[in-house]
Structure formats: structure tokens, C-alpha cells
Amino acid sequence: MKPTVFIAHPIPEIGIDRLRKRFEVSVHPEIRPMAPEVMIRKMADCSAVISLLCDRIDAPLLDQCPGLKIIANHAVGYENIDVAAANERGVLVTHTPGVLTHATAEIAFALLITLTRRIIEADRFTRKGLFIGWDPLLLRGDELAGRTIGIIGMGRIGRDMARKCRAFDMTILYHNRHPVDSETEKALDARYVSLDELLARSDALSIHAPATPETRHLIDAAAFAKMKPGAYLINAARGEIVHEAALAEALASGKIKGAGLDVYEFEPKITEALLDMKNVVLLPHIGSATREARDRMSAMAADNVIAALEGRKPPNLVPEMADLSP
Ligand code: GLV
């Protein structure tokens with residue numbers, strides 16, 4: 001009998017096709033998260049699952065899936081999976097690093113320039129028929145050239161954001177768990193500073209860190225108080241890193257000038273106050289949503305499943321598992 005693979009939501013066909021050539025595959029047709037009892041029912045007899053960030057995979061669920069060999073997360077982040085619990089049960093966990101770097105940095109940069117040049121306001125203004133002629137005082141924004149971007153998290157996506165900002169003549173400061181090597185710093189023309197210095201000196205702050213207990217609410221009321229007055233905040237990483245109520249207050253008080261968000265603390269819910277603010281740009285978590293990146297994520301998740309079910313070491317084990325022998 002062929003092993004069974006459960007795909008917890010629709011994903012691009014490329015990965016599904018690869019799996020169908022080898023295994024029994026079922027795709028749950030809905031994007032909404034499944035109730036835990038439905039997850040258990042669907043996963044109980046599977047050898048592999050492809051999951052999304054909304055699928056919480058923890059010890060009680062894993063205990064109901066004795067034949068499970070691999071959880072292939074269709075995302076670079078994997079905070080939805082209890083990796084230690086999977087490890088204890090001999091279940092491999094993989095993710096999709098590297099293939100969504102450009103897409104996600106592009107969306108962060110798009111949020112930045114959309115805010116600073118007031119693109120959404122300008123579009124609405126034009127559609128309303130309010131454009132009556134070239135106006136030297138109309139919709140003036142802030143120029144990026146000469147301003148300072150503060151990057152939190154200098155991994156693959158943070159570095160790509162730094163490159164994009166550098167191309168727009170911005171000064172690059174960053175904060176990370178550890179400074180990156182000096183060659184990379186030199187190539188990016190980026191300088192490591194403490195978080196407090198980053199907050200105080202950045203005209204725009206862009207978050208590119210993973211969701212961990214250490215980064216939860218890293219940007220809270222105290223951090224907003226330390227930010228340069230009139231700075232912007234961009235978050236295309238994880239909602240939990242920003243205290244969303246404190247953000248709404250910092251925007252309402254004018255302490256910060258605008259925010260561009262692709263992710264939310266209580267995703268998919270959004271703090272009500274943000275919805276009416278015209279200096280806020282809100283996206284529905286589309287950082288990796290290019291055709292290229294999403295196809296590569298689907299193919300990568302499938303290739304990880306194929307390797308695991310054929311007894312090989314999957315190429316994209318999460319870092320906590322990366323040194324497992326095959
Ligand atoms: C998306 O947010 C991802 O982690 O890939």
C-alpha cells in the first residue's frame with residue numbers, strides 16, 4: 001500500500017503533482033484552520049503532512065498520529081509546530097528557507113515606499129475625482145534617500161531588505177541576536193547597534209526576525225517611547241513581535257508617523273483602531289505571495305516529504321534538527 005500524505009490546505013499544484021506520482025494524497029479544501037478533532041481525524045493514519053502556519057501541531061496531536069514520519073511546513077517560519085515534541089516522537093520537521101527571501105523583502109520595501117510616498121492616499125484621492133491639476137502642495141511625503149532604515153533581524157530577508165534600502169540611498173543600521181560577519185556588514189554597508197540605539201536613530205524600522213519567546217512584544221509601548229518621533233514601522237515578519245494595542249496608541253498620539261503591516265498579533269484578526277487610520281497600510285500576510293516563491297515553497301515541501309518517505313534525509317530540516325543523521 002502506498003504511504004498517505006495529507007495536505008492541510010490548498011497549495012500550488014506543482015508540489016501536489018510531485019506527491020501524487022508516488023503516494024496517496026489528500027488535500028483538505030479549506031483555508032480556514034481545522035478544529036483539533038478534524039486535524040486528528042485527517043492526520044491519524046498519515047505518513048506525512050504538509051502544514052501551514054495556522055495548523056497548530058503539538059504533542060497531543062502527534063500522539064494520535066503513530067505512523068507520521070514528517071511534518072513539512074509550507075513556510076519558512078515554523079512556530080506552529082512543537083519541534084521538541086516531534087523530535088521526541090521521531091517525526092521530522094522541515095520548512096521552506098531561501099525561496100521566499102526576495103518576495104518577502106520586496107513586500108517590506110513596498111510597504112515602506114507606499115507609506116512614505118502616501119501611495120494609497122494618493123490612489124484614493126485620484127479615484128474620487130479630486131485631481132484638478134498639478135499642485136506643489138499636494139500629498140507631500142518623505143524621501144527615502146538620506147534617511148536611516150533600522151532593520152531588526154539580519155537573516156536572509158533582513159539582508160535583502162538592507163540591499164534594497166541601500167539601492168535607495170538609505171543609511172543601514174541593524175540589530176540582531178549577534179552581529180553578522182564583517183564581510184557581510186561591509187557588503188551591505190550596514191552597522192550593528194543596540195536595540196535602543198536602533199530605535200532612537202531610525203527613520204523607519206523594519207522587522208525581519210522570527211517569532212520566538214525572545215522576540216514576542218519586542219516592540220511594545222516602551223520601545224515606541226524610545227523611537228524617533230515621526231518614524232515609520234514596517235512589519236512583514238510576525239505579528240506577535242509588535243504589541244498591536246501599543247502600536248495603535250503610538251499612531252494615534254502621533255509618536256510614530258505610519259505603519260505598514262503584513263502580519264498581525266492576533267492573525268487573522270486586526271486591532272480595530274488600525275482599520276480607520278489613513279497612515280497605516282494593511283496587507284493580508286502576502287509577503288511570500290509571488291507565483292515564483294509560492295511554487296518553490298510547494299515544490300520544496302513536496303521534495304522534503306518525498307525524501308523522508310523514501311528514507312533519505314530531507315534537505316530542509318528546521319535548524320534544531322539539521323544535524324540529524326539520515
Ligand atoms: C510566512 O510567513 C512564512 O513563514 O513563510
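**Figure 1. Leu139, in the loop between H6 and strand S6 (148–152).** In this predicted model, Leu139 has a phi of about 45°, positive even though the residue isn't a glycine. That's worth a look, because most residues other than glycine have a negative phi. The loop that holds Leu139 runs between H6 and S6.

**Figure 2. The cis peptide bond from Glu267 to Pro268.** Here omega sits near 5°. Pro268 belongs to the loop between strand S11 (256–261) and S12. As a reminder, most peptide bonds are trans.

**Figure 3. The shell around the ligand.** Which residues surround the ligand? They are Leu53, Ala75, Val76, Gly77, Leu100, Arg238 and His285. Sorted by type, this shell comes out as 4 nonpolar, 2 polar and 1 charged.

**Figure 4. Polar atoms of Val76, Gly77 and His285 beside ligand oxygens.** Start with the backbone: an N or O atom of Val76 is 2.8 Å from an oxygen atom of the ligand. For Gly77, a polar backbone atom and a ligand oxygen are 2.9 Å apart. His285 joins in with its side chain, where an N or O atom lies 2.7 Å from an oxygen atom of the ligand. How much of the ligand's accessible area does the protein cover? On its own the ligand has 190 Å², and the protein covers 87% of that.

**Figure 5. The second largest pocket, with a volume of about 260 Å³.** Its lining counts 13 residues, and the closest to the pocket centre are Ile120, Arg124, Met277, Lys278 and Val280. Helix H6 (119–127) supplies at least two residues of the lining, and so does strand S12 (280–282). What kinds of residues line this pocket? The lining splits into 8 nonpolar and 5 charged, with no polar residues.

**Figure 6. Zooming out to the protein chain, with its 12 helices and 12 strands.** Measured off along the principal axes, the C-alpha atoms fill a box of roughly 70 × 50 × 30 Å. The radius of gyration is 22 Å, which agrees with the value near 20 Å for a compact globule of 326 residues.

Conventions:
Residues numbered from 1 in each chain as written. Predicted model: local features only at pLDDT ≥ 70, side-chain atom pairs only at ≥ 80, totals over all residues. Heavy atoms only, no water. Near = heavy atom within 4 Å. Polar contact = N/O pair within 3.5 Å; in protein donor to acceptor, adjacent residues only side chain to side chain. Areas by Shrake-Rupley, 256 points an atom, 1.4 Å probe, with all protein chains shown as cover. Nonpolar A, V, L, I, M, F, W, Y, C, P; charged D, E, K, R; others polar. 1 Å grid on protein atoms, 1.4 Å probe; cavity = no way out; pocket = protein on both sides within 12 Å on 5 of 7 lines; lining within 4 Å. Points joined across faces, edges and corners; volume = space filled by probe spheres on them. Helix = DSSP H or I, 4+ residues; strand = E, 2+ residues; numbered from the N terminus. Rg over C-alpha atoms; globule rule 2.2 N^0.38 Å.
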